[in-house]
Amino acid sequence: MLTELNSDNFEEKTAKGVKLIEFYTQWCGYCKKQLPELEKMDKIWIGQVDADESPSVAAKFNINAFPTFLILKNGEVAERFSGMHKKEDLLAKIMKHV
């Protein structure tokens, strides 16, 4: 389940549990190629932050490459990685933190 995050709802939506967050931009070709893999994960909550629309959220986590993923556990960064990833790889990364 893809959920758009921004400076207004980021803290509330990511405060509890294990959350996968993707930082992307509309102009990023790799981000567009990543989207079908994220859509395959329809039972997993995934937050998406458009770094151009929510620069303060991207700056808080020092995001400067796209796509960049964070796995947050109860609001704290548990893992950080960039680049394109297959559904299976993303699920394996999430499961390490559950």
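## Exercises on aromatic rings

The structure holds four aromatic pairs, where rings of Phe, Tyr and Trp (its six-membered ring) pair if their centres lie within 6.5 Å. This is a predicted model, in which local features need pLDDT of at least 70, side-chain atom pairs count only at pLDDT 80 or more, and totals for chains, interfaces and linings use all residues. Residues are numbered from 1 along each chain as its sequence is written, and side-chain values use heavy atoms, leaving out hydrogens and water.

**Exercise 1.** Classify the pair of Phe10 and Phe61 and place both residues in the chain.

*Solution.* Start with the cut-offs: planes under 30 degrees apart count as stacked, over 60 as edge-to-face and the rest as tilted. The ring centres of Phe10 and Phe61 are 5.5 Å apart and the planes stand at 55°, so the pair is tilted. Next, Phe10 belongs to helix 1 (residues 10-14), while Phe61 is in the loop between helix 3 (55-60) and strand 4 (68-73), 51 residues apart. Helices (H or I, at least four residues) and strands (E, at least two) are DSSP runs, numbered from the N terminus. Finally, Phe10 and Phe61 are both buried (under 20% relative accessible area, 1.4 Å probe, protein chains only).

**Exercise 2.** Now do this for Phe23 and Phe61, then find the cluster.

*Solution.* With centres 6.0 Å apart and planes at 55°, the rings of Phe23 and Phe61 are tilted. Phe23 lies in strand 2 (residues 18-24), 38 residues from Phe61. Phe23 is buried, as is Phe61. Together, Phe10, Phe23 and Phe61 form one aromatic cluster.

Conventions. Buried means under 20% relative accessible area, exposed over 50%, partly exposed in between (1.4 Å probe, protein chains only).
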